[in-house]
Amino acid sequence: MGGKHFDTAAADWDQKQRRVELAAAIAAAIKDNLPLNGEMTALEYGCGTGLVGLALAPQLKSLTAVDTSEGMLAVLARKLAEKAITNVKPLNLDLVRSSLPEKFDLIFCAMTLHHIQEKDQLLTTFCEMLRAGGILALADLYEEDGSFHGPEADGVSHHGFNPENLAETLKIRGLIQVHSTTIHSIVKTSGSGEQRSYPVFLLSGRKKK
Ligand SMILES: C[S@@+](CC[C@H](N)C(=O)[O-])C[C@H]1O[C@@H](n2cnc3c(N)ncnc32)[C@H](O)[C@@H]1O
């Protein structure tokens with residue numbers, strides 16, 4: 001499931017109800033759990049077609065929407081043009097290999113960390129890119145047995161996470177008020193008709209002032 005997969009998937013990405021519901025649940029959990037305000041500059045990493053970011057952007061001053069898939073970013077750019085949204089800026093950037101000399105009040109990352117091999121390096125970068133008092137929010141799968149993406153998947157680096165381990169990583173990097181909560185459960189039906197649930201967590205923390 002590398003960049004090419006996402007480029008190909010982009011056109012129909014929003015057609016899957018399961019994805020739309022998940023993104024809505026993540027956006028709602030971020031709104032409910034974190035103190036957003038119209039003065040905040042935010043960065044979303046792995047924004048896809050903007051399902052999460054566009055739900056939050058009206059409550060933010062600005063959103064830099066980062067992804068490495070041109071296909072995903074093109075769908076997002078089309079939505080921005082259609083809806084005349086001016087406070088969201090799509091950006092093709094790989095923060096593992098490049099940097100962005102900006103700091104943000106909020107960084108969020110939804111269902112993307114499991115695609116990043118160098119996740120600890122990326123978490124360090126996120127923490128460095130937060131302003132003092134800024135908030136980091138990560139939504140992703142709890143540890144699973146690999147059946148979520150299936151055996152054919154490429155570009156999947158982690159079969160979910162234990163949020164307690166991620167929380168320790170964030171605390172070591174200086175974040176405070178670190179806590180996680182279960183926000184959603186994705187229900188998938190396998191080829192044999194068996195239904196499986198994959199719970200999703202939201203982990204957040206704040207950079208010291
Ligand atoms: C499962 S999708 C989630 C999209 C969106 N956050 C959502 O919830 O609808 C994962 C996204 O991460 C992006 N992605 C994968 N690897 C990435 C990387 N190394 N850096 C930035 N984005 C990446 C993909 O292009 C894709 O848009």
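Which residue in strand 7 is the bridge partner of A137? In this predicted model, the partner of A137 is S204. That pair belongs to the contact between strand 5 (residues 130-141) and strand 7 (residues 195-207), two antiparallel strands joined by seven bridges.

Strand 7 also pairs with strand 6 (residues 175-189); twelve bridges join these two strands, and they run antiparallel. Within this pairing, H184 of strand 6 stands opposite V200 of strand 7. The two strands form a hairpin with five residues between them, and in this hairpin G193 takes a positive phi near 90°.

A second set of pairings centres on strand 1 (41-45). With strand 2 (residues 62-67), strand 1 pairs in the parallel sense over five bridges. With strand 4 (104-110), strand 1 again pairs in the parallel sense, here over three bridges. E44 takes part in both: its bridge partner in strand 2 is A65, and in strand 4 E44 stands opposite F108. Strand 1 is mostly covered, since four of its five residues are buried.

Attention may now turn to helix 5 (residues 119-129), in which K119, L123, F126 and M129 are buried. These four residues lie on the same side of helix 5 because they cover an arc of only 125° around its axis. The spacing follows a common rule: an α-helix has 3.6 residues a turn, so residues three or four places apart point the same way. The cover over the buried residues of helix 5 includes strand 1, strand 4, strand 5 and helix 6 (163-172).

The interior can be followed further through the largest nonpolar core, which holds 55 residues. Within this core, I26, I107, L136 and A139 touch the most other members. Which residues are in contact with L136, once its neighbours within four places in sequence are left aside? They are I107, F126, C127, L130, L170, L175, S204 and G205. Several of these have appeared above: F126 is one of the buried residues of helix 5, and S204 is the bridge partner of A137. I107 is another of the core residues that touch the most other members.

The ligand remains to be placed. There are 19 residues around the ligand, of which F6, G46, G48, S69 and A110 come nearest. By class, this shell comprises ten nonpolar, six polar and three charged residues.

Terms used: Residues numbered from 1 in each chain as written. Predicted model: local features only at pLDDT ≥ 70, side-chain atom pairs only at ≥ 80, totals over all residues. Near = placed C-beta within 6 Å. Nonpolar A, V, L, I, M, F, W, Y, C, P; charged D, E, K, R; others polar. Buried ≥ 20, exposed ≤ 12 C-beta atoms within 10 Å, placed from the backbone. Arc of directions from axis to C-beta. Contact = placed C-beta atoms within 7 Å. Core = buried A, V, L, I, M, F, W, Y, C linked by C-beta atoms within 7 Å. Pairing = 2+ DSSP bridges.
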